[in-house]
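These are my notebook entries on a structure that I looked through element by element. I begin with a pair of strands and work outwards from there.

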Amino acid sequence: MSRDLSLFIPHRGRPKISLGIPESFDLYLCPPACVRRVSIRAIRNDARQHMGFLYMSEADLATGAYEQRLFEAVDDVLASLDKPPRAFFIHLNCVDDFLGTDEDAMLAKLRERFPATGFATMHMNPIAADKGLSTGLRIHERLYSMLEPIEPASERDNAVNLIGNFASLEHDCELPRVLEAWGIDKVRQLFACATFEEYQALAKSRLNMVLADIGSYAAECMEKRLDIPQLSAPVDYELANIEACYLALGKALGAIPPERASLEALRCGSREPQDLAEAIMAQAKNRAQSAVERARERLGNRAVIVDSSAAMRPFALAKALMGYGFNVRAVFALHEKPEDAETRDWVLENAPHISVVRSESYDDIMGLELPRNAVCVGFDCAYLLKAPHFVALQKDEGLFGYQAVWRLMDLMADSLASVAEWEG
Amino acid sequence: MGGVTLSRLSLFLPSFAADYSGVCSCLFDLDFLVVMNDAACCTRNYVDYDEPRWSREKATTLCSQLRALDVIMGDEAGTIAKIVDAAHSTSPRGIAVLGSPVPAITGMDTSGMAKEVEALTGIPSIGFATTGFATYEQGIDRACHGLLKKFCAPPENRPRTHRPGEPCEGGGHEQPTLPAPKPRVNVLGITPLDFGTVGTDRDLESWLQNEGFEVGACWCMGFSAEDVRQTPSADVNLVVSAGALKAATTAEALFGMPFVVGLPIAGKQAAHVAASLRQAAASGSSAYALVGSADTERALEGMRADANGGCRTLAGASSSKANESMLIAGDWVCASSLRSALRLEGWPGNITVASLFGKRPAFAESKDAAIACERQLVDLVRNGNFSTIIGDPLLERIPGTRASRHVRLAHPALSSNLFETEVPRYLTTGISKLL
């Protein structure tokens with residue numbers, strides 16, 4: 001991330017979920033201002049009832065009284081709830097990095113007082129973005145930290161967890177059907193859990209599919225603590241990578257022999273699929289290819305701009321689009337991630353004509369002379385350019401596999417049918 | 001629940017707009033480079049939840065991306081260098097350096113940083129020791145006060161308006177050929193945090209013009225740095241929200257400008273405010289245009305006499321409502337003005353004003369409450385037996401409010417953009433319609 005002064009693009013009204021564990025309570029211990037957006041978002045998402053804020057005063061910080069206030073607040077929160085929460089998270093913000101709170105002692109005391117409730121701390125401290133793991137990685141890990149190891153191990157079931165995504169896969173995604181064809185009974189996702197028991201069942205799954213890097217540390221910890229193997233399966237828009245991902249997934253599940261080098265039916269359309277899973281994948285791939293052709297036809301040589309608000313790996317998306325023959329003119333990498341570094345280097349080396357925008361400065365962007373009639377994939381670049389044609393994709397949400405390709409292609413083609421109106 | 005400890009626990013309402021949002025909101029129109037010394041969240045709070053005017057061409061606040069190492073090493077020079085660099089490329093009219101919670105607890109010297117920035121750039125710079133522990137009205141107060149001190153000087157030709165008892169030019173004889181100048185009025189304290197963007201700022205200007213006033217600077221919507229400089233040349237300041245109360249008293253002390261506190265809500269309240277402004281401009285004495293406060297009872301009597309027959313009653317109000325009680329929760333000035341409007345229109349019951357923002361002002365009545373925490377609001381609602389509660393839609397989340405009739409008047413400093421369409425347009429919507 002650039003360390004210059006940073007200009008923020010407004011995300012007013014854009015839906016953002018409130019991540020949490022069912023039947024849990026989140027108590028934020030921080031200065032009042034720190035939870036303005038958390039609290040408004042929670043009300044918008046109807047999640048405020050599972051949330052409390054214990055506002056620190058400057059005097060509390062000077063005297064250390066906030067720790068005692070916390071114990072009293074937990075008492076009061078638990079007394080106010082009809083049913084005690086199964087998990088209780090205490091959120092600490094940037095200021096805590098400078099206070100030296102003895103978290104272990106605090107948690108030990110809480111666990112002793114309330115043995116039926118699981119307590120954990122969670123740090124929301126972007127001020128520490130320059131050291132160690134990112135806030136997002138750590139928060140994801142904490143969300144899975146309440147899972148209990150299953151005993152005995154034979155109770156592990158035939159389910160797969162999706163980790164790192166923020167929204168359920170769209171109904172038309174082929175992944176669940178492919179998994180079913182491979183004998184997987186259930187696909188589990190944290191935010192789809194309605195009860196604490198459903199949440200605990202995540203510990204029974206046999207594989208963690210990590211759909212976005214933000215879930216990688218959580219999966220790594222779950223592998224160590226819960227003995228659940230993990231597979232990195234980031235959302236990708238390049239057909240060859242999607243096939244490679246399904247091949248790795250099949251092998252991880254034991255559905256494809258380890259020695260097999262490719263999914264022939266996908267690579268060579270004329271060959272009959274060997275099984276139902278391959279048939280599903282082949283059909284999905286065909287749909288994706290047709291969508292690419294249609295979108296290419298609609299867009300012609302029109303410029304395309306992609307940004308990091310649309311895809312977790314915007315350079316990977318740009319590379320895929322270039323491969324399909326689209327005229328990619330710029331990548332807005334306002335939120336660049338390490339997992340995209342390899343494709344970034346590829347783009348910089350192989351497509352030097354593509355502008356890479358890392359600044360949110362309006363003047364800097366105007367200096368690039370990007371075409372106003374470009375199809376902008378992502379809100380940030382569309383907002384900055386006031387682009388008339390805009391694909392409202394957000395962080396790959398709801399997408400995976402070949403469905404990600406056809407969905408994106410359909411959205412790009414459809415974007416020409418309307419003109420976005422921008423204020424200001 | 002009870003006691004001091006619980007006073008900081010919030011279970012129902014959102015966190016309110018912070019002091020730094022108040023400063024940013026006040027400076028939004030002034031072509032300032034506003035730098036928030038924070039990691040990211042504070043700037044994001046302001047941009048996404050407290051500034052509806054933010055747009056592609058109009059974006060004023062930048063984030064310094066403060067990191068732990070900067071704080072530990074006390075590296076203010078790095079931030080200053082970034083500000084100077086940005087100032088050279090954007091050439092702003094002024095620069096503001098703001099604090100946030102971490103700078104507040106580590107003692108970052110925003111005023112010192114601003115002085116250094118000013119020395120290095122030659123651009124007027126102000127440091128605001130905002131903390132994120134305080135609410136928005138304190139930020140508006142800081143910003144108004146800072147601007148007054150930095151940019152305003154006493155006018156050379158005060159007073160503009162003829163005041164009783166003072167000699168006119170030409171040896172004290174009237175000069176009939178020259179029409180008296182219109183009293184010039186500044187508006188203090190209009191921001192989207194209290195009034196949204198529904199048009200109240202434009203309504204205020206139109207209303208002032210229609211009432212025969214010259215419109216001065218409208219702090220803090222639709223004004224410029226030049227308007228700020230011209231502020232002391234006006235005859236009177238009209239204070240429409242509590243965040244500007246101290247600015248008004250500062251302007252009175254520094255420049256001898258009287259002020260009138262009160263929002264001209266459509267109807268008799270507007271007439272009351274207009275009369276108070278004329279009187280203040282003529283007499284040089286400040287006033288609260290709020291019926292019920294000691295200062296304005298006399299004015300009310302005058303209005304009643306003018307109306308030749310006293311107040312007519314509010315539609316629906318009757319003697320049967322005399323025993324009813326009402327709670328108005330919101331900004332001190334807005335809520336008190338609503339009460340004043342209700343009384344002027346003949347509402348017979350008891351009305352209590354409560355504000356979640358700021359200390360009790362001088363015009364508060366004995367039963368009015370400065371709500372320091374959510375618990376106090378819960379207790380007030382539980383014990384108040386209010387038949388009607390006027391305030392933000394989110395007040396419905398407070399236990400006990402559902403037993404009362406709730407008149408929803410959105411207050412963005414509380415509910416952000418959740419109820420944008422329910423922000424009242426006070427000057428064009430009569431009190432009967434509001435209720």
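**Entry 1: a sheet in chain B.** I first looked up how strand 11 (residues 325-329) of chain B is joined to strand 14 (residues 388-391) of chain B, and I found three bridges between these parallel strands. I noted one residue pair: B:Ile328 has B:Ile390 of strand 14 of chain B as its bridge partner. I should record here that the model is a predicted one.

Which sheet holds these strands, and in what order do they stand? I read an open sheet of five strands in chain B, with parallel pairing and the order 13-12-11-14-15. Strand 13 (369-370) and strand 15 (405-408) of chain B each have a single partner strand, so each has one side without a neighbour in the sheet.

I then looked for helices on this sheet. Helix 15 (residues 332-344) of chain B lies across strand 11, strand 12 (350-355), strand 13 and strand 14 of chain B. I noted that helix 15 of chain B runs at about 170° to strand 12 of chain B. Helix 16 (residues 374-384) of chain B also packs on the sheet, where it touches strand 11, strand 12, strand 13 and strand 14 of chain B. The direction of helix 16 of chain B makes about 165° with that of strand 11 of chain B.

**Entry 2: a sheet with strands from both chains.** I looked up another open sheet of five strands, whose order is 5(A)-4(A)-2(A)-3(A)-1(B) and whose pairing is mixed. Its edges are strand 5 (118-124) of chain A and strand 1 (9-10) of chain B, each of which pairs on one side only.

How many bridges hold strand 4 (residues 87-93) of chain A to strand 5 of chain A? I counted seven, in the parallel sense. Within this pairing, A:Leu92 has A:His123 in strand 5 of chain A as its bridge partner.

Helix 1 of chain A packs on this sheet and touches strand 2 (24-30), strand 3 (51-55) and strand 5 of chain A. I read an angle of about 155° between the direction of helix 1 of chain A and that of strand 3 of chain A. Helix 4 (residues 103-113) of chain A lies across strand 4 and strand 5 of chain A, at about 150° to strand 5 of chain A.

**Entry 3: helix pairs.** Two packed helices are described by the angle between their axes and the distance between the axes. I looked up three such pairs.

For helix 3 (residues 66-80) of chain A and helix 4 of chain A, I read an angle of about 30° and axes 11 Å apart. This makes helix 3 of chain A roughly parallel to helix 4 of chain A. Their crossing is right-handed. On one side I listed A:Gln68, A:Leu70, A:Phe71, A:Val74 and A:Asp75 of helix 3 of chain A, which meet A:Met106, A:Lys109, A:Leu110 and A:Arg113 of helix 4 of chain A. The residues of this contact divide into five nonpolar, one polar and three charged.

Helix 11 (residues 276-299) of chain A and helix 16 (residues 401-415) of chain A have axes that come within 8 Å and cross at roughly 20°. These two helices are therefore roughly parallel to each other. Helix 11 of chain A passes helix 16 of chain A in a left-handed crossing. Among the residues that meet are A:Met281, A:Ala284 and A:Ala288 in helix 11 of chain A, and A:Tyr402, A:Val405 and A:Trp406 in helix 16 of chain A. By class, I noted 13 nonpolar, no polar and five charged residues in this contact.

The third pair spans the two chains. The axes of helix 1 (residues 36-44) of chain A and helix 3 (residues 41-50) of chain B come within 9 Å and cross at roughly 45°. Are they parallel or oblique? I recorded them as oblique, because an angle of roughly 45° falls outside the ranges for roughly parallel, perpendicular and antiparallel. The residues in contact include A:Arg36, A:Ile40 and A:Arg44 of helix 1 of chain A, and B:Cys41, B:Tyr49 and B:Asp50 of helix 3 of chain B. They divide into three nonpolar, one polar and six charged.

**Entry 4: backbone exceptions.** Most residues other than glycine have a negative phi, and most peptide bonds are trans. I found that A:Lys395, which is not a glycine, has a positive phi of about 50°. A:Lys395 is in the loop between strand 14 (389-391) and helix 16 of chain A. I also found a cis peptide bond between B:Trp219 and B:Cys220, with omega about 20°.

**Entry 5: confidence.** The predictor gives the complex an ipTM of 0.89 and a pTM of 0.89. Chain B has a mean pLDDT of 88, and 86% of its residues reach 70 or more. Over residues 1-6 of chain B, however, the pLDDT is below 50.

How values were computed:
Residues numbered from 1 in each chain as written. Chains lettered and ligands numbered in written order. Predicted model: local features only at pLDDT ≥ 70, side-chain atom pairs only at ≥ 80, totals over all residues. Heavy atoms only, no water. Axes fitted to C-alpha atoms, helices over the stretch in contact; angles between N-to-C directions. Helix = DSSP H or I, 4+ residues; strand = E, 2+ residues; numbered from the N terminus. Contact = heavy atoms within 4.5 Å. Nonpolar A, V, L, I, M, F, W, Y, C, P; charged D, E, K, R; others polar. Parallel < 35°, antiparallel > 145°, perpendicular 65-115°, else oblique. Left-handed = near helix turned anticlockwise from the far one by under 90°. Pairing = 2+ DSSP bridges. pLDDT = per-residue confidence, 0-100.
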